[in-house]
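Please read the following notes beside the sequence and the structure, taking one point at a time and finding each place in the model before moving on.

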Amino acid sequence: MKEPHILSAFDRDLEAVQAHVLRMGGLVEQALLDAAEALETRDEALAVRVQQGDRAIDALEETINAECARLLALRAPTAGDLRVVLSVMRIAAALERSGDYAKNLAKRSLVLAEMRPLGGTSSSIQRMARTVVLRLKEALDAYIGHEVAVAEDIRARDREVDQMYNSLFRELLTHMMEDPRNIGAAMHLHFIAKNIERVGDHATSIAEQVIYLATGALPGEERPKAEMLPGADGAGADLAGGR
Amino acid sequence: MNDMRLVERDVEQVTGKIEARGVQVHYGEKHALKDVDVTILDRTVTAFIGPSGCGKSTFLRCLNRMNDTVASARVEGRITLDGQDIHDPRIDPVQLRAKVGMVFQKPNPFPKSIHDNVAYGPRIHGLARGKAELDAIVETSLRKAALWDEVKDRLDAPGTGLSGGQQQRLCIARAIATSPEVLLMDEPCSALDPIATAQVEELIDELRAQFSVVIVTHSMQQAARVSQKTAFFHLGSLVEYGETGQIFTNPRDPRTEAYITGRIG
């Protein structure tokens, strides 16, 4: 780590805001795992808890933004310090979105609990959620340690999640073709899968902030993309997110 | 990395004004400046930053041969203004200083009237024919220094009777009255309040249209606000010289980063 500032209160401010980001990360990881668990086990109480827990995540983001505004106004950070503040704000925004996706997953799991289960789809989703949460955790750990190599690796592995999403997409298509009565549940599960895939993108963007923090530049070249299925990643109405 | 320069800070098309190559300064035994190579651009504000004793003021004083007046100082290396060696024996240091003006840390008006403070330089350099022309130079210089409206009714009052901020702007008016090509400023705002500082900074930004301005400052924020290029000096060496936005967001040298972020360096 860097040597301390002459003015030690500056270090305390920077550490405090970074600690809030880590706490936010922990809450988001848990919310995603709980939401996926609620989907798999049809645990409605857990799903409701996840929905309610999103408020704490949103409040932390507001705290972080207020602290960053104070840091910018009062400490006039430059160079690496400035990049800490900017990256913290972007990571908090990525985590807030991820928290919204967890909340949306919990909401849909309540609807799905009333429907006929679709084979092993929800356990595939749980697997995907665990992979994405691991990716988030690695990205935040890389942030703390300023580990550029780890961050590059996370970026490179984004396609794993994309592939899981693509295979889930195929699975859901099959269910819908087999029996049109599956369409309602399959649509919900598809949005859930898409949202988890987006959390993966946010983990990648956090990894990119690690690179920005350490080097002052965002990685240039396009990261590898998994094969694109016709219609699998097309534009369309976005039911995901929303507070 | 992406170019982060704002349009108004674009300095790419500007040519070099002062070239310094291998400049060394000794004060007696003390090696105050070590092998400085730098190109100061025309119509650009260049900030020199660094801790006390780093050599930034010493280097500034080399640019108009002010170190000639210090008995123990020995200057080596080559400094050119528009390609001409300023140490050439045919160069008159007084003429050089008319071209390369200077403003000091503390406002130091002559114990004369406001008018005569500004008229002094043009008069001794014979830049004006007759009183009307001289008065015109005084007015233009005071206007450029954003002081005219405040003093136009009392040009015969002593310059020393003005407020600190006004005195500093008077010294700037005096420095620009001889139509210099380069203006050197050694911490011009350190004795000024924030409003006078803002006025001087606005003035510096306007002067950039005509002059090359070099400013030594201990205020990082001032360097960031007014300059397009920043040079960081440390222990007598020029550590890093680059576009100001780059220096303040992504300095290349860890010593620059330690200094501008307020760490022990």
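What percentage of residues 21-108 of chain A is helix, what percentage is strand, and how far apart are the end C-alpha atoms?

1. Before answering, please keep in mind that this is a predicted model. Residues 21-108 of chain A are 94% helix and 0% strand, and the C-alpha atoms at the two ends of this stretch are 27 Å apart. An unreviewed UniProt entry places the annotation "domain: PhoU" on residues 21-108 and also on residues 125-210 of chain A. The second stretch, residues 125-210 of chain A, is 92% helix and 0% strand, with its end C-alpha atoms 28 Å apart.

2. Chain B has another make-up, and here too the name comes from a record: UniProt, in an unreviewed entry, lists "domain: ABC transporter" for residues 18-260 of chain B. Over that span the chain is 37% helix and 27% strand, and the end C-alpha atoms lie 26 Å apart.

3. A student may next look for the sheet of chain B that has six strands, which is open, is paired in a mixed way, and follows the order 6-7-8-3-9-10. Strand 6 (100-103) and strand 10 (237-243) of chain B each have a single partner strand, so they stand at the edges and one side of each has no neighbour in the sheet. From one strand to the next, the twist averages 20°. Helix 6 (residues 164-176) of chain B packs on this sheet, where it touches strand 6 and strand 7 (182-186) of chain B, and its direction makes about 170° with that of strand 6 of chain B.

4. Which way do strand 3 and strand 8 of chain B pair, and over how many bridges? Strand 3 (residues 45-49) and strand 8 (residues 212-216) of chain B pair in the parallel sense, over four bridges. To find this pairing in the model, one can start from F48(B), which stands opposite V216(B) in strand 8 of chain B. As general background, the strands of a sheet pair through backbone hydrogen bonds, either parallel or antiparallel.

5. The antiparallel sense can be followed elsewhere in chain B, where strand 1 (residues 16-27) and strand 4 (residues 73-81) are joined by eight bridges. R21(B) stands opposite R78(B) in strand 4 of chain B. Strand 4 of chain B is also joined to strand 5 (residues 84-85) of chain B by two bridges, again running antiparallel, and L81(B) has Q84(B) in strand 5 as its bridge partner. Strands 4 and 5 of chain B form a hairpin with two residues between them, and D82(B), in the turn, has a positive phi of about 50°.

6. Two arginines of chain B deserve a look at their backbone. R43(B), in the loop between strand 2 (30-41) and strand 3 of chain B, is a residue other than glycine with a positive phi, near 45°. R65(B), in the loop between helix 1 (56-62) and strand 4 of chain B, likewise has a positive phi, near 60°. Are these residues buried or exposed? R43(B) has 18 C-beta neighbours inside 10 Å and so counts as partly exposed, and R65(B) is partly exposed because 18 other C-beta atoms lie within 10 Å.

7. The largest nonpolar core has 132 residues, and the members that touch the most others are L32(A), A35(A), V88(A), V132(A), A139(A), L183(B) and V214(B). Helix 3 (residues 79-112) of chain A supplies the largest share of this core, 15 residues. Leaving aside residues up to four places away in sequence, V88(A) touches V17(A), Q18(A), V21(A), I64(A) and C68(A).

8. How many residues does each chain give to the contact between chain A and chain B? The contact takes 15 residues from chain A and 14 from chain B. On the side of chain B, the elements giving two or more residues are helix 8 (220-226), helix 9 (244-249) and helix 10 (254-260), and helix 10 of chain B gives the most, with three residues. The residues on this side of chain B divide into seven nonpolar, five polar and two charged.

Methods. Residues numbered from 1 in each chain as written. Chains lettered and ligands numbered in written order. Predicted model: local features only at pLDDT ≥ 70, side-chain atom pairs only at ≥ 80, totals over all residues. Core = buried A, V, L, I, M, F, W, Y, C linked by C-beta atoms within 7 Å. Buried ≥ 20, exposed ≤ 12 C-beta atoms within 10 Å, placed from the backbone. Contact = placed C-beta atoms within 7 Å. Pairing = 2+ DSSP bridges. Axes fitted to C-alpha atoms, helices over the stretch in contact; angles between N-to-C directions. UniProt positions renumbered as here; feature names shortened; annotations may be inferred. Nonpolar A, V, L, I, M, F, W, Y, C, P; charged D, E, K, R; others polar.
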